[in-house]
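Colleague: Please take a close look at the salt bridges for me, and then work outward from there to the sheets and the cores. Take your time with it.

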Amino acid sequence: MPRPSSKKSKSPRQGSKSEASTEKGSEIRLQKLLAAAGFGSRRQCEELIIEGRVEVNGKIVDQLGSSFDPKEAKVFVDGTALRAQKLVYYAVNKPVGVVTTNSDPQGRPRVIDMVPPTERVFPVGRLDRSSEGLILLTNDGELAQKLAHPKYQIKKVYRVVVAGKVDVKAMKQMEKGIYIAEGFVRVEG
């Protein structure tokens, strides 16, 4: 079914090739390290750093862009030692009525509530609230990126039931591409 084909510009805070190239050897950006350990999203971890709440090897780190080797660095947040987070993977059949988000101010049921809360996980991709189907939940950011980012061209198959009949003209237009809430998408066949 529809597959986003437009490229979005990255904000300066998002990961980029320049961020990846600055990570030397086994060093990892501090906010990525904190997020992997369950202290929040990368943006939330950036705030922890800016607020001076992170200590690495006995020194407060309050500047973004610092990289450390997670096996060598002793990292504390508000005095709490960083613990290594084990990678987990859940294949979940998301039912209708459940949202695919980690934070929902409206208090609706979330897909992440369907798995044990032992590790912080996030959904790979999205299924809207009225959809049901398989979704992967993980804390493996590298795998999630490879599965979800259009540049890796991982095909996703959707079976959709629509009201009415889709005629040949509508199918040809969807093959050329249409705009939906998420952006420009097109049907491959």
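**Salt bridges and what lies beyond them**

Modeller: E142 and K146 form a salt bridge, with their closest N and O atoms 3.5 Å apart; the term means a side-chain nitrogen of Lys or Arg within 4 Å of a carboxyl oxygen of Asp or Glu. Before going on, a word on what we're looking at: this is a predicted model, so local features need pLDDT of at least 70 and side-chain atom pairs count only at pLDDT 80 or more, while totals for chains, interfaces and linings use all residues. Numbering runs from 1 along each chain as its sequence is written, and side-chain values use heavy atoms, with hydrogens and water left out.

Back to that pair. E142 and K146 are about one helical turn from each other, because they sit four residues apart in helix α4. (Helices, H or I with at least four residues, and strands, E with at least two, are DSSP runs numbered from the N terminus.) E142 is exposed, with a relative accessible area of 56%, whereas K146 is partly exposed at 40%. For these labels, buried is under 20% relative accessible area, exposed is over 50%, and partly exposed is in between, using a 1.4 Å probe and protein chains only.

Searching the whole structure turns up five salt bridges. Another of them joins the side chains of R108 and D104, at 2.9 Å from N to O. This one reaches inward on its acidic side: D104 is buried, with a relative accessible area of 14%, and R108 is partly exposed at 27%.

Then there's R53, whose salt bridge to E51 has its closest N and O atoms 3.0 Å apart. Both ends of that one count as partly exposed, R53 at 32% relative accessibility and E51 at 48%. E51 and R53 also belong to a network of salt bridges that takes in D78.

Now for the sheet. β3 covers residues 54–56 and β6 covers residues 75–77, and the two pair in the antiparallel sense over three bridges; strands pair here if DSSP finds at least two bridges between them. Within this pairing, E55 faces F76 of β6. β3 and β6 belong to an open sheet of four strands, ordered β4-β3-β6-β7 with antiparallel pairing. On the outside are β4 (59–60) and β7 (80–81), the edge strands, each pairing on one side only.

Strands β3 and β6 lead straight into the largest nonpolar core, as they, α2 (30–36) and α3 (42–50) each supply at least two of its residues. A nonpolar core is a set of buried Ala, Val, Leu, Ile, Met, Phe, Trp, Tyr and Cys residues joined through side-chain atoms within 4.5 Å. This one has 14 residues, and those touching the most other members are L30, L34, V54, V56 and V75. α2 gives the largest share of the core, four residues. Take V56 as a good place to look around: leaving out residues up to four places away in sequence, V56 touches L30, V61, F68, A73, K74 and V75, where a contact means heavy atoms within 4.5 Å.

Elsewhere, a second, separate core of eleven residues includes V98, I112, V115 and L137. L137 lies within the residue range of β10 (133–138), which pairs with β8 (residues 89–94) in the antiparallel sense over six bridges. β10 also pairs with β9 (residues 122–124), again antiparallel, over three bridges. L136 is a handy marker in β10, standing opposite A91 and also serving as the bridge partner of V124.

One last stop is V166, in the loop between α4 (141–148) and α5 (168–176), so α4, the helix of the E142–K146 pair, borders this loop. V166 is partly exposed at 38% relative accessibility. Together with Y158, V160 and V162, V166 makes a nonpolar surface patch with about 320 Å² of accessible area.

Stepping back, the protein has five helices and twelve strands, and buried residues make up 28% of its 189 residues. Of the contacts between residues at least 6 apart in sequence, 50% join residues at least 24 apart.

Conventions:
Patch = residues over 30% accessible without salt bridge, like charges linked within 9 Å, V, L, I, M, F, W, Y side chains within 5 Å. Areas by Shrake-Rupley, 256 points an atom, 1.4 Å probe, with all protein chains shown as cover.
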